[in-house]
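Please look through the sequence and the model below before reading on. The report that follows takes up the cores, the sheets and a few single residues in turn.

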Amino acid sequence: MIALAIKNFLRSKVAVASLLFILLAGIVSIHIGKQFLQKQEAAIAKTAAFQKEHIHRNVQFFDKEIGLLLYYLKFSLVNKPSNLNALSIGQRDVNVTIQSVTIKNLEAQKYDTDLYNPSNLLAGNLDYSFVLIYLFPLLIIALSYNLLSEEKEGETWRLISVQAKNPLRYLWQKLAIRAVAVYAALAVILGYAMVILSLLLNAAFIAVVCLSVMYIAFWFALSFWAMSWHKSSSVNAVSLLSFWMLLTIVCPAVANSYLINKYPVPEAMHTAIEQRDGYHEKWDMDKRITTDAFYTHYPQFKKYPLPNKQFSWLWYYAMQQMGDDDAKEQATAMQKKLRLREQVSNNIARPVPTIFTQLQLNNLTHSGLSNHLDFLDSTNKFHEKMRLYFYPKIFEEAAVNEQDWHQWQVEYFGKEEKVKWIKLLLPLAILIVVLLVPGYINLKRMKNM
Amino acid sequence: MRKEVLILLAKQVLNNAVRNKAVLALCGIILLLMAYAAFSGYSAYKKQTESRKKNEAEIRHNWEHMPDKHPHRMAHYGYIAFRPKAALSFFDFGIESYTGNAVFLEAHRQNTVNFSEAGFSTGLLRFGEISIALVLQLLVPLLLFFLGFNTIAAERENNTLKVLLSQGANWKEIIAGKSLGLLTMALLLLLPAVIMTVGIWALQNNSSSTGDEVMRLLWLLVSYTVFFAIVSVIAVTVSAISKTAKMALISLIGIWLLFGIVLPRATQALGNWLHPSPSKIEFETAVEKDLIQKGDSHNPDDAYYKALKDSMLKAYKASSVEQLPFNYGGFQMKEGEKISAQIYTKHLDSLLDTYESQNGVARATSFVNPFMAIKNVSMAFSGTDFGAYTRFQKEAEAYRYRLAQHMNDLQMKLISNKKLADTAKPYSISKAYWAAFPDFSYKPLSQKEVMKNEIISIIALVFWIAVLLIIINRLSKKLKAI
C-alpha cells in the first residue's frame with residue numbers, strides 16, 4: 001500500500017511543482033547569500049588596501065606635526081562575516097561591517113551608516129532564512145492540507161477504513177511520505193549551501209540544520225492538527241493559510257510595533273546632540289576647564305602641561321575627548337535600551353516559531369542586533385587603544401618620520417559563541433508536542449466512530 | 001449589459017458573503033488590524049514629530065546662542081537636520097523605518113543620515129510592519145479571493161450556472177456582476193480605512209497642510225479602488241475558468257502568494273543583481289580619487305591650488321596673500337568646498353541612479369503584478385517612498401553647502417588676512433550673524449512630481465484594467481456552463 005501511496009504522491013502535479021519551486025528558490029537564495037558575502041569580502045579587502053595607501057599618503061603630507069596627521073588618519077576595524085552569514089543576512093545589510101575611525105570623538109563617528117538602497121531593505125532579502133521561514137511552511141501546507149479530506153471527498157476513505165487494519169497508520173504513512181520529500185528538499189538545499197559557500201560542519205552549522213528540521217516539524221505538526229478537525233479541503237487550506245499569515249505577517253508586525261512603542265530610543269538623538277555640543281562648546285571656554293577634566297579622566301597624562309599657546313594639540317584632543325565624555329551617559333543609556341530590546345524580543349519570540357527561528361538564525365550566523373552591539377563595544381575598545389597609543393606621541397610632539405606606520409593594519413572583530421542547544425531547540429519541541437497530542441487524540445476518536 | 005442584472009448578481013455575492021460566518025470573522029479581523037495600524041501609525045507619527053520638533057528647537061537655539069567666534073568654527077559646529085515624517089506616513093509607512101532620521105551637516109564633509117529604526121531593530125522589523133496600506137494591499141485582496149473563488153465555479157458545480165444562463169443572463173453580465181459584488185465588498189472595507197485616514201489626517205492637521213495633501217488622499221482613494229476592481233475581476237475570472245471550486249481556491253491562493261509575497265522580494269533581488277551598487281568604501285575611494293585628481297587642498301605642493309593662488313595674486317597685483325583685499329583662507333576653502341561638493345554630488349547622483357535602476361526592475365513588473373503597482377503608488381502618494389527620501393537627502397546637502405559657503409563668505413569679508421601670533425586671541429565675528437542664517441526647512445515633493453516618479457506604476461494599473469476587459473470579452477465567447 002505504501003508503494004501505491006508514494007506513486008500517488010509523485011503523480012500529483014501540485015506536489016512535484018511545489019517541490020521544484022522550493023528547490024529553485026532555495027538554490028537562488030544560496031546564491032543571493034553568496035553575492036552578499038562576496039560584496040562584503042570585497043569591501044573588506046579594499047579597506048585593507050585603502051588603509052595602507054591612506055596612511056602612506058597622509059604621512060607624506062603631514063610630516064611635521066603628528067597632532068595634525070592624526071586629525072586625518074583613519075583606522076579600520078572589521079566585523080568579519082562568517083560564511084554562514086550567507087544563510088541569514090539578518091541585520092548585516094543595515095548595520096556596518098567596517099568601522100573606520102580617527103582618534104577624535106568616537107560618538108560622532110561610530111553610528112555612521114553603510115550605503116544601502118532602502119527599497120531593498122523594505123522588500124527584504126531572499127536568503128535561506130526567508131525560504132525556510134516563509135516558503136517551506138507553504139510547501140508543507142500545499143502537500144498536506146488535503147491529506148485526509150481528499151480521501152473523504154473522493155469517497156475513498158470508506159474503502160480504506162474497511163480494508164486497512166489500521167487506517168490511522170495509513171494516514172501516518174501518507175504524512176511520512178510528504179515529510180521525507182520535504183526533508184529531502186531541505187537536505188538538497190543545505191547540501192548545496194555547504195558546497196557553494198564552503199561551509200564547515202561545525203557546531204553553528206549543525207545548529208542551523210537542527211533548527212531548520214525542528215521548524216519544519218512544527219509546520220507538519222500544525223498540518224496534522226488541522227487534519228484532525230475533519231474539515232473539507234477548502235476549509236483546511238484557508239485555515240492553514242490563515243495560520244501562516246498570522247505567524248509570518250501579523251504576529252511579528254504587532255510584536256515589532258509593541259517593541260518600538262514600548263522601548264523607543266530617544267537616547268540616540270540626545271547622544272548625537274550632546275557629543276557635538278560637548279566638544280564644540282569647549283572652544284569658547286577657559287582651556288583649564290577642558291584640560292582639568294581631561295587630566296581627571298587620564299591621570300597618567302598630567303605630566304604633559306598645557307602649552308602656553310592659543311592653540312595646542314593637547315587642548316584640541318582634550319576637547320574631542322570631552323565630546324565622548326559628555327555624551328557617555330546618553331550613549332550608555334542607548335546601548336542599554338538596545339540590549340533590553342534584544343532581550344524582550346527573545347522573550348516574545350519563544351512562543352512564535354517564525355520570529356524565534358529568525359532570531360536564532362541571526363544569532364547563529366552573527367547577523368543579529370546583539371552581534372552589532374558587541375561590535376560597537378569592540379569599536380570602543382579599539383578606539384581607546386589607538387588613543388592611548390597616540391596621545392603621548394602627540395603630547396610629546398614625536399617626529400612623524402620616526403614612527404612605524406606599517407604596523408597599522410586593519411583589525412578584525414570576531415566572537416565565538418557556544419551553541420546553547422536547549423534554548424535553541426526546546427521552545428519548538430514544546431510547540432510540536434502541544435500540537436501533536438490533541439491531533440492524535442482527535443484522530444483516535446475518529447477511528448472509534 | 002443590463003444594469004438590473006448586474007445589480008442582482010452583485011447583491012447575490014454580497015448576500016453570500018454576509019451569510020458566511022468565516023468571511024464575517026475575517027472582515028472583523030481586518031477591521032481590527034486596520035484600527036490597530038491606524039492607531040500605531042498615528043502614535044508613531046506623533047511621537048516622532050514631537051521629539052523631532054524638540055530636537056530641532058534645541059539645535060536652532062544652540063546655534064543662535066553660540067558666542068562670537070571665527071566663522072569657520074561655526075562651519076564646523078554645523079547643523080543637525082532631522083527628517084520629518086510625512087503627513088500621510090501613518091497610512092503607509094513605506095521605507096521610513098529603513099531610512100536615517102538625522103544628519104550632521106558640517107563644512108568639508110558629507111555625513112550619512114543616521115539612526116534609522118531598522119538600525120535599532122532586533123530583526124523583528126524585517127518581517128514587515130502593519131499599516132493601513134498593508135491591510136489594504138494584502139489582506140483585503142486575500143479576503144476577496146476567499147470570497148471570489150466559488151462565485152462561478154460553485155454555481156457550475158451545483159448546476160445553477162446553467163439555470164442562470166438559460167434565464168437570459170450572458171457571460172459578460174455574470175462576470176461583471178459578480179466582480180461588482182466583490183468590489184462593493186472591498187469598498188465597504190475601504191470606507192472605514194478612508195474615514196480613519198481622513199480623521200487622523202484632520203487630527204494632526206497643522207496649518208501647513210495644503211490642498212496638495214487633499215489631492216494625494218483623493219489619488220490614493222482612486223488608486224485603491226482601481227486595484228480592488230482588478231483583484232475582483234481576477235478572482236471571478238479564475239473562478240470561471242477553474243474546473244472545480246477547490247481548484248479555483250488553490251489557484252487564487254497561489255496567485256496571492258506569488259504577487260503579494262514572493263515576487264516583490266524576488267524582483268527587488270533581481271534588480272540588485274542586474275544593477276550592482278558600490279559598497280561604502282568603493283564609493284568613498286572613488287570620490288577621493290576624483291578630488292585628488294582635481295586638486296588636493298591638503299597637499300601643500302598641489303598644482304591646482306598653487307595656480308589658483310598665483311592667479312589671485314596676479315589679478316590683485318599683490319606679492320603675498322596678506323595684501324589681498326579679502327581673507328585668502330576663506331577664499332581657498334570656498335573654492336575647495338565648491339569642487340568637493342560638485343564631485344560628491346556627481347557621485348551621489350550616480351549612486352542614487354543605480355538605486356533607481358534597481359527599484360525600476362521591480363517597478364517594471366507592475367505590468368505582470370498589480371500588487372507591485374499599488375505598493376509603489378501608495379508609498380509615493382503617502383510621501384514615504386524612495387523619491388521622498390532622496391528629496392530630503394538632497395535638500396539637506398544643499399543646506400549644508402549654503403551654510404559652509406556662507407561662513408566662507410563671512411570669513412573672506414570680515415576676517416583679517418594677517419596671521420596672528422601664537423598667543424594672541426583668535427579673530428572672531430559677532431554672534432548676530434548666526435541668527436541671520438535661516439533654519440533648515442524643506443518642501444516635500446509636490447503631487448505632480450510624485451506622479452511623474454510613479455508614472456509607470458500608474459500606467460500599469462490602467463493597463464491591467466484594459467487587459468482584464470479584453471480577457472472578459474474573449475472568455476465570454478469561450479466559456480461553458482458545465
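Which residues have the most contacts inside the largest nonpolar core?

## The nonpolar cores

In this predicted model, the largest nonpolar core has 183 residues, and those with the most contacts inside it are A:Leu87, A:Phe136, A:Trp244, B:Leu136, B:Phe228 and B:Trp256. Helix α9 of chain A, which spans residues 203-227, contributes the largest share of this core, namely 17 residues. Apart from this core lies another one, of 64 residues, which includes A:Tyr111, B:Ile59, B:Ile343 and B:Ala404. As a general background, nonpolar side chains tend to be buried together in soluble globular proteins.

B:Leu136 shows what such a position looks like in detail: when residues up to four places away in sequence are not counted, B:Leu136 touches B:Met34, B:Phe91, B:Pro141, B:Leu190, B:Ala193, B:Tyr224, B:Phe227 and B:Phe228. One of these partners, B:Phe228, is itself listed among the residues with the most contacts inside the largest core.

## Chain B as a whole

The secondary structure of chain B consists of 17 helices and three strands. Its C-alpha atoms fill a box of roughly 105 × 45 × 40 Å along the principal axes, and the radius of gyration of chain B is 30 Å, whereas a compact globule of 482 residues would have one near 23 Å.

Of the 482 residues of chain B, 56% count as buried. The accessible surface of chain B comes to about 21200 Å², and 62% of that surface belongs to carbon and sulfur atoms. Among the contacts in chain B with a separation of 6 or more, 81% are made by residues that lie 24 or more positions apart.

## The sheet of chain A

Chain A contains an open sheet of three strands in the order β2-β1-β3, and its pairing is mixed. The strands β2 (98-101) and β3 (411-413) of chain A stand at the edges, where each has a single partner strand, so one side of each is left without a neighbour in the sheet. Neighbouring strands of this sheet are turned by 25° against each other on average, with direction ignored.

The mixed character can be followed from strand β1 of chain A, residues 75-79, which pairs with β2(A) in the antiparallel sense over four bridges, while β1(A) and β3(A) pair in the parallel sense over three bridges. On the antiparallel side, A:Phe75 stands opposite A:Val101 in β2(A); on the parallel side, A:Asn79 stands opposite A:Phe413 in β3(A).

## What covers strand β1 of chain A

Are the residues of β1(A) mostly buried or exposed? The strand is mostly covered, and five of its five residues are buried. A:Phe75, A:Leu77 and A:Asn79 point one way from β1(A), whereas A:Ser76 and A:Val78 point the other way, and all are buried.

Two helices of chain A lie across the sheet strands. Helix α2 (residues 13-61) of chain A lies across β1, β2 and β3 of chain A and runs at about 165° to β1(A), and helix α15 (residues 369-395) of chain A lies across β1, β2 and β3 of chain A as well, running at about 155° to β1(A).

## The sheet of chain B

In chain B, three strands form an open sheet in the order β1-β2-β3, with antiparallel pairing. Here β1 (79-82) and β3 (109-110) of chain B stand at the edges, and each has a single partner strand, so one side of each is left without a neighbour in the sheet. β1(B) pairs with strand β2 of chain B, residues 102-106, in the antiparallel sense over four bridges, and within this pairing B:Ile80 stands opposite B:Phe104 in β2(B).

## Two buried residues in helices of chain A

A:Leu240 is found in helix α10 of chain A, residues 233-262. Its relative accessible area is 2%, and A:Leu240 is therefore buried. Leaving aside neighbours within four places in sequence, A:Leu240 is in contact with A:Ile141, A:Tyr145, A:Leu222, A:Ser223 and A:Ala226. The C-alpha atoms of A:Leu240 and A:Leu222, which are 18 residues apart along the chain, are separated by 8.1 Å.

A:Thr290 has its place in helix α12 of chain A, residues 287-297. With a relative accessibility of 0%, A:Thr290 counts as buried, because the cut-off for that class is under 20%. When residues up to four places away in sequence are not counted, A:Thr290 touches A:Lys282, A:Trp315, A:Ala318, A:Met319 and A:Met322.

Note on methods: Residues numbered from 1 in each chain as written. Chains lettered and ligands numbered in written order. Predicted model: local features only at pLDDT ≥ 70, side-chain atom pairs only at ≥ 80, totals over all residues. Heavy atoms only, no water. Pairing = 2+ DSSP bridges. Axes fitted to C-alpha atoms, helices over the stretch in contact; angles between N-to-C directions. Contact = heavy atoms within 4.5 Å. Rg over C-alpha atoms; globule rule 2.2 N^0.38 Å. Buried < 20%, exposed > 50% of the residue type's maximum accessible area, 1.4 Å probe, protein only. Areas by Shrake-Rupley, 256 points an atom, 1.4 Å probe, with all protein chains shown as cover. Core = buried A, V, L, I, M, F, W, Y, C linked by side-chain atoms within 4.5 Å.
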